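Me: I'm new to this structure and would like a close look at a single part. Could you start with one helix and the strands beside it, and then show me how that part fits with the rest?

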Amino acid sequence: MTKTDILMTGPMLPSVIESLDRAFTLHRLWEQPDRAAYLAKIGPRIRGLATSTMTGRADAALIGQLPNLEIISSFGVGYDNVDVSEAAKRNIVVTNTPDVLNEEVADLTIGLLLATLRQVPQADRYLRAGRWLKAPFPLSPTLRGRKVGIVGLGRIGKAIAKRLEGFDVALAYHGRTHQKDVPYAFHPSLVGLAEDSDVLIIITPGGSSTKHLINADVLKALGSHGVLINVARGSVVDQQALIAALRDGTILSAGLDVFDDEPRVPQELIDMEHVVLLPHVASGSVHTRKAMGQLVVDNLISWFSGKGPLTAVPETPWPRSPKDS
């Protein structure tokens, strides 16, 4: 029996590659010295695509070279690496890996928030440099008495809020809609939320609709005692405006897990002692990344066994309406 041809844009976890190799004929695009020639040769055979925000874009150009593509299975809850509009036009289903990473990202967000406020990395460096022998580490800011605003109260946003309830802090949020089934204050204006918050946690999707959502006006509204935590996408924050706000004292500090041009991080941020920087590791545990990878595999297996996708994104819904069949 002939196996279905699947293309992978870049290397994923060994468990993902091994599972796809068993179930399909897996083509490894990243190993090809002449990708254009390779795609011209095998493109018409490809019916499924496995990709990731970290291993390559599934843009209109790539999709156009795969005329018989049926499904794009993307690793990650965010899928701004996929041209979903082009996929929808072509009747191609796009899937992501939601839910399996919610708790891990929420845990890391709380850790990043505490590390930023209590200056945990700075204290570690202080001790290692032998400076504690000369003087105690300076007192840090605190989470006590702060108001926390969450930008994007989706699945992960709710998991973060649930954890913060245990810290006895005031919680509010901003999003596209007022969710009447949550107990937190809703702000229809992002600037209004920032004005009413001491901490702003960003956990909204990336893409063109949220590009530079956090701009100079929002940072000014957050104020000189304010802390920004970004575990969403680098594109959501105007990075140059953030650098200026941190340099000038417009805000107090920031904890960042994501950046505009990863893995390249501006030297201005690296040189700042009062910020905490992480290399996009919010979901980066062995346990969670394996679960995410398995969902990439499961979506492809489910689709080609005739059961439909498990986690289709809203822009390419499933089941299809009759007119799209």
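**A helix across a sheet**

Reply: Happy to help! Let's begin with helix α1, residues 14-23, which lies across β1, β2 and β3 (46-52). Relative to β2, helix α1 runs at about 135°. Please keep in mind that this is a predicted model.

The strands under helix α1 belong to an open sheet. Five strands make up that sheet, in the order β2-β1-β3-β4-β5, and their pairing is parallel. At the edges are β2 (25-28) and β5 (93-95), each of which pairs on one side only. On average, and with direction ignored, neighbouring strands here are turned by 20° against each other.

Now look at one pair of strands. Strand β1, residues 5-8, runs parallel to β2, and four bridges join the two. One residue to find is Asp-5, whose bridge partner in β2 is Thr-25.

Asp-5 has another link as well, this time through its side chain. The side chain of Asp-5 meets that of Arg-45 in a salt bridge, with 3.4 Å from N to O. Because Asp-5 sits in strand β1 while Arg-45 sits in the loop between α2 (35-42) and β3, the pair ties together parts that are 40 residues apart in sequence. Are the two partners buried or exposed? Asp-5 is buried, at a relative accessible area of 11%, whereas Arg-45 is partly exposed, at 40%.

Next, let's go back to helix α1 and ask about its packing. Which residues does Leu-20 touch beyond its neighbours within four places in sequence? Leu-20 is in contact with Met-8, Leu-26, Ala-50, Val-297 and Leu-300. Leu-20 also belongs to the largest nonpolar core, a group of 46 residues. Together with Ile-160 and Leu-164, Leu-20 is among the residues with the most contacts inside that core. Helix α5 (residues 102-117) gives this core its largest share, six residues. A second core, separate and made of 28 residues, includes Ala-172, Leu-242, Ala-245 and Val-275. As background, nonpolar side chains in soluble globular proteins tend to be buried together.

Helix α5 also takes part in a salt bridge, through Glu-103. Glu-103 pairs with Arg-163, and the closest N and O atoms are 2.6 Å apart. Glu-103 lies in helix α5 and Arg-163 in helix α7 (residues 155-165), so this salt bridge ties together parts that are 60 residues apart in sequence. Both ends are partly exposed: the relative accessible area is 46% for Glu-103 and 22% for Arg-163.

There are further salt bridges to look for, and the whole structure holds 12 of them. One of these joins the side chains of Arg-264 and Asp-261, at 3.1 Å from N to O. Arg-264 counts as exposed, with 51% relative accessibility, while Asp-261 is partly exposed at 40%. Through salt bridges that share partners, Glu-103, Asp-107 and Arg-163 are joined into one network.

Helix α7 leads us on to another sheet. Seven strands form this open sheet, with parallel pairing and the order β8-β7-β6-β9-β10-β11-β12. Its edges are taken by β8 (185-186) and β12 (275-277); each has a single partner strand, so one side of each is left without a neighbour in the sheet. Inside the order, strand β9 (residues 199-202) pairs in the parallel sense with strand β10 (residues 227-230) over four bridges. To find that pairing on your screen, look for Ile-201, whose bridge partner in β10 is Ile-229. Helix α7 packs on this sheet and touches β6 (147-151), β7 (170-174) and β9. The direction of α7 makes about 170° with that of β6.

Finally, here is how the UniProt record, an unreviewed entry, labels the chain. It lists "domain: D-isomer specific 2-hydroxyacid dehydrogenase catalytic" for residues 6-313. Over residues 6-313, the chain is 36% helix and 16% strand, with the end C-alpha atoms 20 Å apart. For residues 110-282, the UniProt entry gives "domain: D-isomer specific 2-hydroxyacid dehydrogenase NAD-binding". The span 110-282 is 32% helix and 16% strand, and its end C-alpha atoms lie 10 Å apart.

How values were computed: Residues numbered from 1 in each chain as written. Predicted model: local features only at pLDDT ≥ 70, side-chain atom pairs only at ≥ 80, totals over all residues. Heavy atoms only, no water. Core = buried A, V, L, I, M, F, W, Y, C linked by side-chain atoms within 4.5 Å. Buried < 20%, exposed > 50% of the residue type's maximum accessible area, 1.4 Å probe, protein only. Contact = heavy atoms within 4.5 Å. Pairing = 2+ DSSP bridges. Axes fitted to C-alpha atoms, helices over the stretch in contact; angles between N-to-C directions. UniProt positions renumbered as here; feature names shortened; annotations may be inferred. Salt bridge = Lys/Arg side-chain N within 4 Å of Asp/Glu carboxyl O.
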